[in-house]
Amino acid sequence: MLSHLLKDTSVIVSTGNVLNVSELRKKAGQKPTDELTDCLRSTFGEADVTELPPNRRLITRRNNDLLEKVKEHPRADIKIGAKIFLNRFSEPALTEAVEKLFETLNVSYLDNLILAYHPTGASVVGNGNGGTPEPGDEEEEQEVKEGVIEWAVGSDNAVGNLKKLWSLLERYAGDGKIGQLGIADLDADSLKELYDASTVHPSIAQINLAACCVVPPQLQAYCNQNEIQLLTHSDPQELLPREVLDELDLASYGAGWTSRYQVHIKCRGVLAAKGFIVSLDRSN
């Protein structure tokens with residue numbers, strides 16, 4: 001179904017403002033992966049295609065009012081926040097994700113940007129079978145350790161690579177292009193290591209309560225001591241997993257990175273626009 005759009009090349013899919021799509025508005029409250037899946041389907045269903053040199057395509061949705069919504073109010077009256085999901089260490093991928101946010105929203109400044117870096121191999125159950133459960137694994141998967149965050153389990157040098165990615169984001173902040181930087185799902189020790197190594201410190205820390213039930217006391221104390229805003233979220237570690245790509249007839253593709261942005265009107269706290277940008281890399 002998508003072969004005429006993809007043409008066996010790597011692609012970037014930009015959903016535009018999904019709030020102006022009636023069938024998507026009716027599904028408010030979806031799980032994040034389900035929401036992204038429906039947004040991609042909608043975009044593929046009414047797609048415009050632009051060739052990107054040397055061998056990529058940009059797929060956008062027709063009848064998209066994103067830029068109109070962004071320009072509807074003075075820039076000082078709106079707040080633009082974004083979250084980038086990355087499941088492999090790649091500085092070029094992170095750079096591209098940030099630049100595509102500026103380009104898509106046609107702005108030069110983001111109020112805040114949160115990085116969710118979950119290197120592949122960091123899964124709840126690392127049985128060495130590529131995610132295939134062994135007898136007894138199901139019970140183990142369902143057991144959640146109260147007040148414990150497990151980040152990047154099974155991934156080598158995860159904190160070291162995160163520091164390199166963070167350094168890249170610091171340059172944007174130093175240039176006045178990003179106001180606040182945030183990080184998702186780090187345990188207290190990893191957050192401290194990142195904080196101590198950074199020049200632009202994380203001012204937002206997100207945690208998924210589904211993964212740890214309650215806020216870990218050590219993490220809460222560290223955030224309080226360092227004036228880090230502690231927020232909760234419901235995003236999975238992998239926003240666009242393999243099974244969802246297969247379901248979308250994208251078996252030959254992998255998610256390079258995904259970003260989600262939101263535009264709020266400050267004085268009213270109203271969500272004016274929301275969308276996703278996804279990089280899909282063609283597998284060899």
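Before anything else, a word on terms: when I speak of helices and strands, I mean DSSP runs, with at least four residues for a helix and at least two for a strand, numbered from the N terminus. With that in hand, I can say that this protein, which we have here as a predicted model, has eleven helices and ten strands. Of its 284 residues, 49% count as buried, and among the contacts between residues at least 6 apart in sequence, 73% join residues at least 24 apart.

Let me turn to the interior. In soluble globular proteins, nonpolar side chains tend to be buried together. Here the largest nonpolar core has 52 residues, and those with the most contacts inside it are L94, L101, L105, L113, L115, L169 and L191. Helix α7, which covers residues 158–174, supplies the largest share of this core, namely nine residues. There is also a second, separate core of 27 residues, which includes L6, V18, I114 and L250.

I would like to follow one residue of the largest core, L191, a little further. Leaving out residues up to four places away in sequence, L191 touches I183, L186, P202, A205, L219, Y222, C223 and I228. Two of these partners, L219 and Y222, bring us to a pair of helices, since L191 in α8 and both of those residues in α10 belong to the place where the helices meet.

How are helix α8 and helix α10 arranged relative to each other? Helix α8, residues 188–197, and helix α10, residues 217–225, pack at an angle of about 25°, with their axes 9 Å apart. Angles under 35 degrees count as roughly parallel, and α8 and α10 are therefore roughly parallel to each other. On the α8 side the contact involves A188, D189, L191, K192, Y195 and D196, and on the α10 side Q218, L219, Y222 and C223. Sorted by character, the residues of this contact divide into six nonpolar, one polar and three charged.

Next, the aromatic rings. A pair of aromatic rings is described by the distance of the centres and the angle of the planes. The structure holds two such pairs. In one of them, the rings of F102 and Y172 have centres 6.0 Å apart and planes at 40°, so the pair is tilted. F102 lies in helix α5, residues 91–105, and Y172 in helix α7, so this pair ties together parts that are 70 residues apart in sequence. Both partners count as buried, F102 at 8% relative accessibility and Y172 at 9%.

The other pair returns us to the two helices I described a moment ago. Y195 and Y222 form an edge-to-face pair, with 5.9 Å from centre to centre and 90° between the planes. Y195 sits in helix α8 and Y222 in helix α10, 27 residues apart, and the pair links these distant parts of the chain. Y195 is buried, with a relative accessible area of 14%, and Y222 is buried as well, with 11%.

Now for a charged residue. Is R57, in strand β3, buried or exposed? At 10% relative accessibility, R57 counts as buried, because the cut-off for buried is under 20%. Leaving aside its neighbours within four places in sequence, R57 is in contact with a long list of residues, among them H4, L6, S10, V49 and E51.

The two ends of the chain also deserve a look. L2, in the segment before α1, counts as buried at 4% relative accessibility, and, apart from residues up to four places away in sequence, L2 touches F44, L248, D249 and L250. S283, in the segment after β10, is partly exposed, with a relative accessible area of 37%. The C-alpha atoms of S283 and S10 are separated by 8.6 Å, although these residues are 273 residues apart along the chain.

Finally, some details of the backbone. Most residues other than glycine have a negative phi, and most peptide bonds are trans. Against that background, P53 and P54 are joined by a cis peptide bond, with omega about 0°, and P54 lies in the loop between β2 and β3. D185, in the loop between β6 and α8, has a positive phi near 75°, and D185 counts as buried at 9% relative accessibility. D249, which we met as a contact of L2, has a positive phi of about 65°; D249 is found in the loop between α11 and β9 and is partly exposed, with a relative accessible area of 48%.

Methods: Residues are numbered from 1 along each chain as its sequence is written. This is a predicted model: local features need pLDDT of at least 70, side-chain atom pairs count only at pLDDT 80 or more; totals for chains, interfaces and linings use all residues. Side-chain values use heavy atoms; hydrogens and water are left out. A nonpolar core is a set of buried Ala, Val, Leu, Ile, Met, Phe, Trp, Tyr and Cys residues joined through side-chain atoms within 4.5 Å. Buried means under 20% relative accessible area, exposed over 50%, partly exposed in between (1.4 Å probe, protein chains only). Contact means heavy atoms within 4.5 Å. Axes are lines fitted to C-alpha atoms, for helices over the stretch in contact, and angles run from 0 to 180 degrees between N-to-C directions. Angles under 35 degrees count as roughly parallel, over 145 as roughly antiparallel, 65 to 115 as roughly perpendicular and the rest as oblique. Ala, Val, Leu, Ile, Met, Phe, Trp, Tyr, Cys and Pro count as nonpolar, Asp, Glu, Lys and Arg as charged, and the others, Gly among them, as polar. Rings of Phe, Tyr and Trp (its six-membered ring) pair if their centres lie within 6.5 Å; planes under 30 degrees apart count as stacked, over 60 as edge-to-face and the rest as tilted.
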